[in-house]
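Biologist: Could you take me through one part of this model in detail, strand by strand, and then add what you can about the helix packing and the cysteines?

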Amino acid sequence: MSVLAYDLGASSGRALLGHLNDQGIETLEIHRFKNEPVKVGERMHWDILRLHHELLAGLNLVKQSGEQPESLAIDSWAVDYGLLGSNGELLGNPYHYRDAQFNGMMEQVREELTSEAIFERTGIQFLSFNTIYQLATLRRHQSPLLNEAERFLMIPDILRYFLTGEAVNEFTNATTTQLYNPTKAQWDHELLAHIGISDKLFGEVVMPGTHIGQVRDSICGDLGISAIPVIAVAEHDTGSAVVAVPATDRSFAYLSCGTWSLMGTEIDQPAISAESLALNFTNEGGAGGTFRLLKNIMGLWILQECMREWERQGQAISYAELLAKAERSTPFASLFDPDDDLFLAAGDMTTRIQKYCQDTGQTQPQDQGAIARAILESLALKYRRVLGWTEQLSKQSFNGLHMVGGGIQNRLLCQWTANSIGKPVWAGPAEGSAIGNMAVQWMASGAFKDIWEARRAIRDSFPITTYEPQDRTTWEEAYGRFIRITDAFRAQAESEV
């Protein structure tokens, strides 16, 4: 039984074929491509038509391989969206969540409605680029797009619509908008009314595993392929990654590690409380009617931006060489909070890291190895703090941490995370989102009866690397210093505001 999974991240995309047989799951990468934002004037967009082209290229490569998948599905990053006009055509390229026009809108809306009211209705973490603030920005800037719009679709919804002609919203991605009420299981009409957006734009929300038509006849004709059913899986890539966590215990903690790091646990009902609001956790939808109690952490974006900066300066370095330099650099010389707003925007990342260290009285990292070490150690220490908060909110104690996603190829980060949390890290599979995407397709076909049967198959099919904690005393001391530095910096920033 073969299925095709498109997994689109914030920096690259891939198409993988998955085969399920008596021996387990096998995957084959068919196509990999870059996914880079495009800046036009002052605006930053996603090149959605290029992504559609790459999906079609993937289908053509599948045909050339002689495969006929039983279904296909798409997962991607969250919060971003497009608008369809009355003729069913897309109104412009979707904005990128890092576009500067959205700056400041979250604070304005929170002041108008209060953080408590928004969180009580949605259970979603406050991030400046959440969909609610993007749409509020368009309305208050009197964007003509909203006058012409008839339908709101998120990124996987748009690409699925391009393939099938069927326009529906999928549950896991819908919950990330901070416009979906999980208690009422519907779009929140009062929040939409407050930001001036018609609820008529928002259609049916379907659960992961729902069949959504098939590839259009016109596409099949152009490519010379037979019709392929299309499934709405857990279309938020983290939702798919959590499906692929090879846990044996129903109480588990995970870290989906890539451009973003997302850490949390799986729960049956959203945990909406004053405590989860204070810690700025989120309750995003999951497969099988579950919810993901988690927190977004800035992730390897910071390291990726530094590498892009060095490349522009003619100082390009391979990932392997950079990690080797980081390992040789002085430990714990420069620590910072990866989630500080200072590191959200693109460009000039090394200068901002140095400024944070200067402002906190630390050594400013100068060379590539020292900068990379500062990033990875700071991430590992932040993971420990967020894991503690996750245990606190979920009233659980985890005996280790499952790491999935492309970030697990960074063995330094995996080992330093184990050192930091003082518990084992189980790393794998690397293509967690794509494998979770496949698993939901097989659940939809009945090949797996539920998510736990899928997880058993994943555990038996892919290698898991265990990292045991080391250097506990050293890391314990570093964690105490990390907390003091980052808390003091945050308090100072808040007092200035």
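Modeller: What follows looks at the open sheet and its strand S19, then at a pair of helices, and lastly at the cysteines.

This is a predicted model, in which local features need pLDDT of at least 70 and side-chain atom pairs count only at pLDDT 80 or more, while totals for chains, interfaces and linings use all residues. Residues are numbered from 1 along each chain as its sequence is written, and side-chain values use heavy atoms, with hydrogens and water left out.

The sheet is open and is formed by seven strands in the order S17-S18-S16-S15-S19-S20-S21, with mixed pairing; strands here are DSSP runs (E, at least two residues), numbered from the N terminus, and two of them pair if DSSP finds at least two bridges between them. Its edges are strand S17 (282-285) and strand S21 (465-467), each of which pairs on one side only, and the twist from one strand to the next averages 30°.

Within this sheet, S19 (residues 401-404) is covered on both faces, since Leu-401 and Met-403 on one side and His-402 and Val-404 on the other are all buried, where buried means under 20% relative accessible area with a 1.4 Å probe and protein chains only. S15 (residues 253-257) runs parallel to S19 and is joined to it by three bridges, with Tyr-254 standing opposite His-402. S19 also pairs in the parallel sense with S20 (residues 425-427), again over three bridges, and here Met-403 stands opposite Ala-427.

Turning to the helices (DSSP runs of H or I, at least four residues), H2 (residues 105-113) and H3 (residues 115-122) pack at an angle of about 95° with their axes 6 Å apart, the axes being lines fitted to C-alpha atoms over the stretch in contact and the angles running from 0 to 180 degrees between N-to-C directions. H2 and H3 are therefore roughly perpendicular, a term that covers 65 to 115 degrees. Val-109, Arg-110 and Leu-113 of H2 make the contact with Ser-115, Ala-117 and Ile-118 of H3, contact meaning heavy atoms within 4.5 Å.

As for the cysteines, the count of disulfides is zero, a disulfide being a pair of cysteine sulfur atoms within 2.5 Å. For Cys-414, the closest cysteine sulfur is in Cys-257, and at 6.9 Å it is too far for a bond. Cys-414 is buried, with a relative accessible area of 0%, and Cys-220 is buried as well, with a value of 7%.

Conventions. Buried < 20%, exposed > 50% of the residue type's maximum accessible area, 1.4 Å probe, protein only. Parallel < 35°, antiparallel > 145°, perpendicular 65-115°, else oblique.
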